[in-house]
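User: Please take a close look at the charged side chains in this model and describe how they pair.

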Amino acid sequence: LFMYRGFGYRVRSYQEVADLFNAAHPDRNPTSKSTVQKTVTRFFEARTVKDLVAEAKSATNDDKSLDVLQSFQENPHLPVSRAAQAHDISQDSVFNILQRQKYHPYKIIIAQELMEDDFDRRIQFFDEMMHRIDECNFLNFVVFSNEAIVISAHPQKLNVWAGICSRGIIGPFFINSNLTGEKYEKLLLDHVIPNIENLFDVDM
């Protein structure tokens, strides 16, 4: 099948491969287009043309599961396709084993590079904050806030904003639909800042 399939710029369609194969082997049962497609797909996914249905049923027994988990314990970056090939099981079986043991795929992305003097800067920041907390009651004038998006069974989104400070809780405030810059500014001016002014008895 793969010889008839071709390679590079001379890749034939599944139907053409089936026609060529049937013409070359008239003594065999005719091969359909779907059979060719499944065979090619199975080969590229599992690196084998064997029927994996029977294997997949018994591929997740305890011994096989331990072998698969041990492979990922030794090499967390092991591709699923390579693990399936090494243990002679399907990729679906590997996924099932990993999911049952609460394994999840991950990819480390370094968002910000750490510089040599970053450690000293963190120490300086810590010392400054401790000084402000001890000497200036710094935390009494800080509002800690957070936003969250609540998504229900309906397609509408609900944004929730709330804050907390030494004087009490601010909010929560709710905004329907997507939170834009204009809506956020209106929230701050109409609700958040007036509530802070009332709590601290100041005019901002």
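Analyst: A residue counts as exposed when its relative accessible area is over 50%, and as partly exposed when that area is between 20% and 50%. The model is predicted, and a search of the whole structure finds three salt bridges.

In helix 9 (residues 181-200), Asp190 and Lys186 lie four residues apart, about one turn of the helix. Their side chains meet in a salt bridge with an N to O distance of 2.8 Å. Because its relative accessible area is 53%, Lys186 is classed as exposed, whereas Asp190, at 40%, is partly exposed.

Helix 8 (residues 118-136) holds Arg132 and Glu128, which are likewise four residues apart and so separated by about one helical turn. The salt bridge between the side chains of Arg132 and Glu128 spans 2.9 Å, N to O. Both partners are partly exposed: Arg132 has a relative accessible area of 33%, and Glu128 has one of 35%. Arg132 also has a contact with an aromatic ring, since its charged end sits over the ring of Phe138, 5.5 Å from the ring centre.

The remaining salt bridge joins the side chains of Asp117 and Arg121, at 3.2 Å from N to O. Here Asp117 is partly exposed, with a relative accessible area of 34%, while Arg121 is exposed, at 52%.

Key:
Residues numbered from 1 in each chain as written. Predicted model: local features only at pLDDT ≥ 70, side-chain atom pairs only at ≥ 80, totals over all residues. Heavy atoms only, no water. Lys NZ or Arg CZ within 6 Å of the ring centre and 35° of its normal. Salt bridge = Lys/Arg side-chain N within 4 Å of Asp/Glu carboxyl O. Buried < 20%, exposed > 50% of the residue type's maximum accessible area, 1.4 Å probe, protein only. Helix = DSSP H or I, 4+ residues; strand = E, 2+ residues; numbered from the N terminus.
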